Amino acid sequence: MNAEAPILLTDIVNHHDSVSLADRYERIRSLSLSLVEPLSYEDCQIQSMPDASPIKWHLAHTTWFFEVFILKKYCKDYLSYAPRYDLLFNSHYHGVGPQYDRNLRGVLSRPTVNEILRYREYVDEQMVALLNASPYEVIEQLVLLGLSHEQRHQEAMLMDIKHAFFQNPLYPVYAMSSSASDARQVDMSWTTFEGGLLDIGSIEANALDDEKPRHPYYLRPYRLASRLSTNGEYLRFIQEGGYQLSEYWLSDGWQWLQESGTFAPLYWVKEGDQWFEFTLGGLQPLKLSQPVCHVSYYEAAAFAAWQGKRLPSEQEWEAAVKYRKGPANYFNPSSLQPRTCTSTEFAQVLGDVWEWTTSAYAAYPGFKPFGGDMSEYSAKFMSGKQVMRGGSCLTPPGFVRPTSRSARYPHQRWQMGGIRLAQDAVD
């Protein structure tokens, strides 16, 4: 039988710069610890919903990844820090072993935060020693994947603590930021793309398996909005009855709307006649010119239909990203909110908010998952989700590429999902 073998991890080697892999490892791992500095130990214990995880679980799981997939396999005479951690901090790798119930991570008061920090220190010492010993290629590849995985969890940590803090009527502040005032927004314009037979997907060595292989895809001519849709534009949708008009909603979306009682984006709070938005800097007056975010795919699609437009496909988005103007707005500790667009050209494509697309999260033609233990990294999640593109202001710099794909279920809102409108360029 001549079935093709799964793609190997040799396809994700990443030579970003002259910084050594050990230095890069320490730099990325240290960011996770800096994200915890504003938090109390009690904050790190909270699990506010099944989709979220306690902060201390994130710290432990990302450490478990390096211990199980690298140290235990490639470090001679490595002694496991705590073998029973394998059950607690294995997220979804069934081929490696059983997992503790995701819904119950928040009930685990032990190990404590201090114990997890010692666990991280122990694993980091072993990892740096291994990397400084001129590692052979397979270790380099796995480390790079592990660092990408850590960056994914860094964004998740901010998403999860924001959701946890929102449950508290005191509206706690994670960190004050220098978020810009409600600046004057530029008018939305439309950028036309010719389409045609285009190459979609990545050939980069550091791309994840779900970004490959590059393949031809035919696009009809289309137009994309020059900027993201704003809070002010979405507020008009609410005020004009958008949440009560079934004709704009997908059938599943309308059912979700009735069952959930949703009437505004997540984190919007109305007090009297005034709208506020809960942010990582606490409760703030709603800034009408900033991009709307924390909407579900259902809400994004309904808003687009109300505008007489649609959402882009992920292929349309990817083909257009090379024409972007202006800097990307990724994670910056001094500014944890999406920014008002001040450019009249095609902008806000990378950073600010993840952009919902109409594309289902599925394998590209010719897709091959990573081999070995990493075969469960992406492929098992390709069911029932929608693709989001571009990253957000909570995404670590260097993590997202123009070909990167993130996927969420259509009802999920705690990630920073936003809206860019699209339309056909020909009737």
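This text goes through two sheets, a helix pair, and the pockets and cavities of a predicted model.

Residues are numbered from 1 along each chain as its sequence is written, and side-chain values use heavy atoms, with hydrogens and water left out. Because the model is predicted, local features need pLDDT of at least 70 and side-chain atom pairs count only at pLDDT 80 or more, while totals for chains, interfaces and linings use all residues.

We start with the strands. Helices (H or I, at least four residues) and strands (E, at least two) are DSSP runs, numbered from the N terminus. Two strands pair if DSSP finds at least two bridges between them. Strands of a sheet pair through backbone hydrogen bonds, either parallel or antiparallel. One open sheet has 3 strands in the order β1-β4-β12, and its pairing is antiparallel. At its edges stand β1 (190-193) and β12 (422-424), each of which pairs on one side only. From one strand to the next, the twist averages 25 degrees. Angles run from 0 to 180 degrees between N-to-C directions, and axes are lines fitted to C-alpha atoms, for helices over the stretch in contact.

The pairing in this sheet can be followed residue by residue. Strand β4 (residues 222-225) is joined to β1 by 4 bridges, and the two run antiparallel. F193 has Y222 as its bridge partner in β4, and T192 has R223 as its bridge partner in that strand. The antiparallel strands β4 and β12 are joined by 3 bridges. Y222 appears here too, with D424 as its bridge partner in β12.

Another open sheet is formed by 3 strands in the order β5-β6-β7, also with antiparallel pairing. Its edge strands, β5 (268-271) and β7 (282-285), each have a single partner strand, so one side of each is left without a neighbour in the sheet. On average, neighbouring strands of this sheet are turned by 35 degrees against each other, direction ignored. Between strand β6 (residues 274-279) and β7, which run antiparallel, there are 4 bridges. F276 has P285 as its bridge partner in β7.

A helix links this sheet to the next topic. Helix α6 lies across β5 and β6 and runs at about 60 degrees to β5. Helix α6 (residues 231-239) also packs with helix α8 (residues 297-306), at an angle of about 80 degrees and with the axes 11 Å apart. That makes α6 roughly perpendicular to α8; angles of 65 to 115 degrees count as such, while those under 35 are roughly parallel, those over 145 roughly antiparallel and the rest oblique. On the α6 side the contact is made by E233, Y234, R236 and F237, and on the α8 side by E299, A302, F303 and W306. Contact means heavy atoms within 4.5 Å. The contact residues divide into 5 nonpolar, no polar and 3 charged. Ala, Val, Leu, Ile, Met, Phe, Trp, Tyr, Cys and Pro count as nonpolar, Asp, Glu, Lys and Arg as charged, and the others, Gly among them, as polar.

Next come the open and closed spaces. On a 1 Å grid over the protein atoms alone, a cavity is a set of points where a 1.4 Å probe fits but cannot get out, whereas a pocket is an open set with protein on both sides within 12 Å along at least five of seven lines; lining residues have an atom within 4 Å of a point. Grid points are joined across faces, edges and corners, and a volume is the space filled by probe spheres set on the points.

The largest pocket has a volume of about 960 Å³. Its lining has 37 residues, and R102, R152, F381, K385 and R408 lie nearest its centre. At least two lining residues come from each of α2 (55-74), α5 (137-166) and β10 (406-408), with α5 giving the most, 7 residues. The lining divides into 16 nonpolar, 11 polar and 10 charged residues.

The second largest pocket has a volume of about 260 Å³. It is lined by 16 residues, and L198, D199, E318, A319 and K322 are the closest to its centre. Strand β2 (196-200) and helix α9 (314-320) each supply at least two residues of the lining, and β2 gives the most, with 3 residues. This lining divides into 8 nonpolar, 3 polar and 5 charged residues.

The structure also holds 6 cavities of 30 Å³ or more. The second largest cavity contains about 90 Å³ of space. Its lining includes S148, R152, W354 and R405, and divides into 4 nonpolar, 3 polar and 5 charged residues. R152 is thus named in the lining of this cavity and among the residues nearest the centre of the largest pocket.
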